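The exercises below concern helix packing, aromatic contacts, burial and backbone geometry. Work through each task before reading its solution.

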Amino acid sequence: MSTDKKLIVTEIQRFCMHDGPGVRTTVFLKGCPLRCAWCHNPETQKGRAELLFYQNKCVSCGACAAFCPVSAQKTGAERRIDRDRCISCFACAENCPTGALVMCGKEMSVEEIVEVVQKDSAFYGKDGGVTLSGGEPFAQGEATLALLRACKTRGLTTAVETCGYADGTLLRRASPLTDLFLWDIKDTDEARHMQYTGVSHRAIYENLRAVNETGARIRLRCILVNGVNTDRKHYGRLAEIARYIRHFDGLEILAYHAYGGTKSVFLGLKDNGRVDWIPSEQQVLEAKECLRSSGIRVL
Amino acid sequence: MNFYTPNGGERPIRLSASTRAFAHDSLGRKYGLDTLKTDAIPLDDIENFSALTKVEKYDLAIRKIAENAPIRLCEGERLSGAATLGMAIRHLIPATYAGKSVFSSISHLTVNFEDVLKNGVRAIRQRAENAFLKYRGTEKEAFSQSCLNCLDAFEIWHGRYLKALEKLPEYGDNYENLKRVPFAPATTFYEAVQSIWFTFAFLRLCGNWPGIGRMDYLLGDYLKRDLKNGRITLDEAREILAHFFIKGCEWINGQFVGSGDAQHYQNILLAGMDEDGNEVTNEVTYLVLDILEELGISDFPTTVRLNRSTDEALLRRVAEVMRYGGGILAVYNEDTVISALLKDGYDEREARKFANDGCWEVQIPGKTYFIYSPFDSLQLLQQKTLRGYEGDVSFADFEALYSQYKADLFDYIESFACGRAQRFQKDETSANGWKWAEHNPCTLVSIFEEGCIEKGLSYLEGGPVYNIHSPHIGGLADTVNSLYAIKKLVYDEKRLTLSELIDILKKNWEGEEVLRQYVLNRYTYFGNDSDEVDALAARLLSDFADICVSFNGRCGYRFPAGVSTFGRQLEWSPKRLASPHGRRAGEVLAANCSPTPGTDREGATAMIRSYCKADLSKLATGAALDIKLLPSSVAGEDGLQALMALFRGFVALGGFFMQPDVVDATLLREAQVHPEEYQTLSVRVSGWNARFVTLNQEWQDMVIEQNEHG
């Protein structure tokens, strides 16, 4: 059995209403091949456990310093973490009384994850179920397939949110186990895609084509970043992609928000949130209207 | 003309402009302010008043009210009758002697409107006359005479309305419709609505606060017949029914700031099965939902009885109306309620008839004397089991502590179950050692409670078929969380001894912030679907319920258990000491069966699962779960699906009563600053709704706090 496979999970969130149809439990998997400048979940980028520090919860009790084997926790007036020294043993997080220090990224077996997901079975009805998100779920390879298979075996409806930048074979094999793909299209301009996500979108399109051929049900999720991709050309290309999908479930516009920047701070990084990137309500409506007028079902 | 919604959505319009205008006036306090003109009827001109018996005084008070209360005919109203005396809104019979009120009145009951509709008040009078003949010359004669006197008064009031209407051609329909009912059985839907309204209005005029009960069950057949005969259209029926709701807002006057001005216990139930197990849902069910949706009327707290087979269309309609916020709809899972009533000894047909009393305490309508006694289980733990943090307390293990708490719970319930026997006197000659004591007269409601006329006993003296005294446990989540924190800290992790912990609590956590943060943050408390702590809650509820029913039969009562705080967490908070789960003395803590504010981190589904792990069918008078939802989380089709999913899970998992409210804490803050702009904003407080601006600061803060965390 492959259910003893382990996955690295940042969070399992219940009663999610916006990650696919119905009430869903969303499993956030850690690790992503993209480095989107606007990333909403920077804590899921790296494929290993990381230390989050919520400074506002710190009461300067010194427990972390007492337990840190490498003196990476600097307490006192200049409270900080020397992340270069940190060996990611998470002794500080284990002993932090307030939850200011948290280990983000926990190894869980397929079985353990399914157990949590099944807790809300009474609420799923015919539409709801589990959504794998992240991060890029397929960055965890076979283990992700094993998780999907285990969910299907239990009769759960499955959705996977993917950036599409993954092993194509894996994606095709996932198709029969996935009731709905939530497929992220970050940008349709190759140069911008390179600039803002760090990778080319060619492989993503190739994978989308391959998965589309399997007859998979696909919903497009498109981030809107003011000044980056808020142009009609982009909307036009999105419409083209949408029309191309055989089993098209609709298109969602997700407005950029700067909260990802705040989360970067918890990781010891600079706040890279950009208020000027937040699209106006008007822009969101325009994008939706533009797509709708091209005959695309916008959710 | 707008009827407020927290989510900014436009309410649909189905009612006529004149009905909407009537609603606007009524919700805008027009009639409520009118009641301030005449507070009560003076009895000072009655000769030798002081020398009269209590019952004689009562009968005269009712008669004087019937003869002299101002008659009110509202412009364009389709139904007649109004409770026009201000004192009634203070839960008193609005009659005074030497400037003082004479009698308090009755609430927490749903009277037998079915009897009024089907048989008419004249049939009730016939029964009263028979009883009078039977009891003449006995000690029961006075009560039997009183029944006849009160019915006379009712006829006087009815006659005054007919006389007033007769003269005014614009009220021709009202006159024709009121001529027969409520004294004869209703024959049409219009008559049926008028019959209930007029009876309800007279009870209210005389200060009583009855519930309405199952409106679709009561009225559905009348409407079906009229629709079939082409006597009425659905739109016409909706108008008539809307006037019932609008007139029911006639006590809104903004005068009672505190726990809100809208809690007059006039509860309504919809849907669910009838005695034979057939679904009741009918046209009236949907009309009521239409009206609540359009007018946002919160004065009739309405609960929908769901079950495993509830139609998808009804679930959807309930979710749609609920989304407008205001907490005007709540839901029962009748599968659990009925099995609780069966366990409590009712037969199945009887159990299926259940309605409630004013919040959610389940009762069989028209047959039940009901009283509940709330108590704070947290103070019991702190003051009794842990001796107010003053003595030396130690227990070998957690089980020993829990056993002591259970013993304390038993003693407490025993003392107050019997302490509450004030309605009883010791009587060595009777079978159970008790007899009902003489009480203040309450003939008017007794007439409409099955059993009273026949037995010659009033509502307060054992007249009704069922007599219920329900102990209600409050502070449940806080007690469970306290016990759990002690278990973890002292017995599992052995971080400190119980004495050391008690020392810390005695100092209100002073100087122990690190430990306090530890228990606040590192333990998972009730409401997060964590088996260890949820099992403790289930165990405590089960033990509590067993203790309660062990007193059944003592005095003339049954003692089914229930869970509630009804906002008492506010009045209890100053008396509460620091709690082991990290709370300081005096904090406002958990409501009803809900988690301690700030401890629920896993969302609504986890909360429902935690709550449903207890065997709620042992709590026959109810256990309410409050759920606060943000407008954004129930927006759109996704949001609708989410609400329906919550209902479905709540029923499948064996929930009892759930009161979701859709409201935004930010908006409530805004309403605190600009109350004038939010006059009709209603919120679910507990078993009732209140216009937010009529809550005082303390209550407002509590509602906001619950919304932020819930």
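Two residues are in contact when heavy atoms of theirs lie within 4.5 Å. The model is predicted.

**Exercise 1. Surroundings of B:S610**

Find the element that holds B:S610, and state which residues B:S610 touches, not counting residues up to four places away in sequence.

Solution.
- B:S610 belongs to helix α23 (residues 604-612) of chain B.
- Buried means under 20% relative accessible area; with 1% relative accessibility, B:S610 is therefore buried.
- Leaving aside residues up to four places away in sequence, B:S610 touches B:F526, B:G527, B:N528, B:D529, B:S530 and B:D534.
- The C-alpha atoms of B:S610 and B:A537 are 8.7 Å apart, with these positions 73 residues apart along the chain.

**Exercise 2. Two loop residues**

Decide whether B:G462 is buried or exposed, and do likewise for A:E78.

Solution.
- B:G462 sits in the loop between α17 (452-455) and β15 (466-474) of chain B.
- Its relative accessibility is 7%, so B:G462 counts as buried.
- Beyond residues up to four places away in sequence, B:G462 touches B:W436, B:K455, B:L457 and B:N467.
- From B:G462 to B:A437, 25 residues apart along the chain, the C-alpha separation is 9.2 Å.
- A:E78 is located in the loop between β4 (73-74) and β5 (80-81) of chain A.
- The relative accessibility of A:E78 is 56%, so this residue counts as exposed.
- A:E78 and A:P176 are 98 residues apart in sequence, and their C-alpha atoms are 54 Å apart in space.

**Exercise 3. Three helix pairs in chain B**

Classify the packing of α18(B) with α21(B), of α3(B) with α5(B), and of α4(B) with α8(B).

Solution.
- Two packed helices are described by the angle between their axes and the distance between the axes.
- For α18 (residues 476-492) and α21 (residues 531-549) of chain B, the angle is about 125° and the axes are 9 Å apart.
- An angle under 35 degrees counts as roughly parallel, and one between 115 and 145 falls in the oblique class; α18(B) and α21(B) are therefore oblique to each other.
- The crossing of α18(B) and α21(B) is right-handed.
- Among the residues making this contact are B:L476, B:V480, B:L483 and B:Y484 of α18(B), and B:V533, B:L536 and B:L540 of α21(B).
- The axes of α3 (residues 54-68) of chain B and α5(B) come within 8 Å and cross at roughly 5°, so α3(B) and α5(B) are roughly parallel to each other.
- Their contact includes B:Y58, B:I62 and B:I65 of α3(B), and B:A153, B:I156 and B:W157 of α5(B).
- For α4 (residues 113-135) and α8 (residues 215-229) of chain B, the angle is about 25° and the axes are 10 Å apart, so α4(B) and α8(B) are also roughly parallel to each other.
- Here B:F113, B:E114, B:L117 and B:K118 of α4(B) meet B:Y217, B:L218, B:L219 and B:Y222 of α8(B).

**Exercise 4. Aromatic rings**

State how many aromatic pairs there are over all chains, then describe the pair of B:W157 and B:F198.

Solution.
- Counting ring centres within 6.5 Å gives 46 aromatic pairs over all chains.
- B:W157 and B:F198 form a tilted pair, at 4.6 Å centre to centre and 35° between the planes.
- B:W157 is in α5 (residues 141-166) of chain B and B:F198 in α7 (residues 189-205) of chain B, so the pair ties together parts 41 residues apart in sequence.
- Both B:W157 and B:F198 are buried.
- B:Y332, B:F354, B:W360, B:F370, B:Y372, B:F566, B:F656 and B:F657 form one aromatic cluster.
- Over the ring of B:F354 sits the charged end of B:R305, 3.8 Å from the ring centre.
- In chain A, A:K57 lies over the face of A:Y54, at 5.5 Å from the ring centre.

**Exercise 5. Backbone geometry**

Locate the cis peptide bond that joins B:V181 and B:P182, and the positive phi of B:N508.

Solution.
- The bond joining B:V181 and B:P182 is cis, with omega about 5°.
- B:P182 lies in the loop between α6 (172-180) and α7 of chain B.
- B:N508 has phi near 55°, a positive value in a residue other than glycine.
- The loop between α19 and α20 of chain B holds B:N508.
- B:N508 has a relative accessible area of 24%, so this residue is partly exposed.

Methods: Residues numbered from 1 in each chain as written. Chains lettered and ligands numbered in written order. Predicted model: local features only at pLDDT ≥ 70, side-chain atom pairs only at ≥ 80, totals over all residues. Heavy atoms only, no water. Phe/Tyr/Trp six-rings, centres within 6.5 Å; stacked < 30°, edge-to-face > 60°. Helix = DSSP H or I, 4+ residues; strand = E, 2+ residues; numbered from the N terminus. Buried < 20%, exposed > 50% of the residue type's maximum accessible area, 1.4 Å probe, protein only. Lys NZ or Arg CZ within 6 Å of the ring centre and 35° of its normal. Axes fitted to C-alpha atoms, helices over the stretch in contact; angles between N-to-C directions. Parallel < 35°, antiparallel > 145°, perpendicular 65-115°, else oblique. Left-handed = near helix turned anticlockwise from the far one by under 90°.
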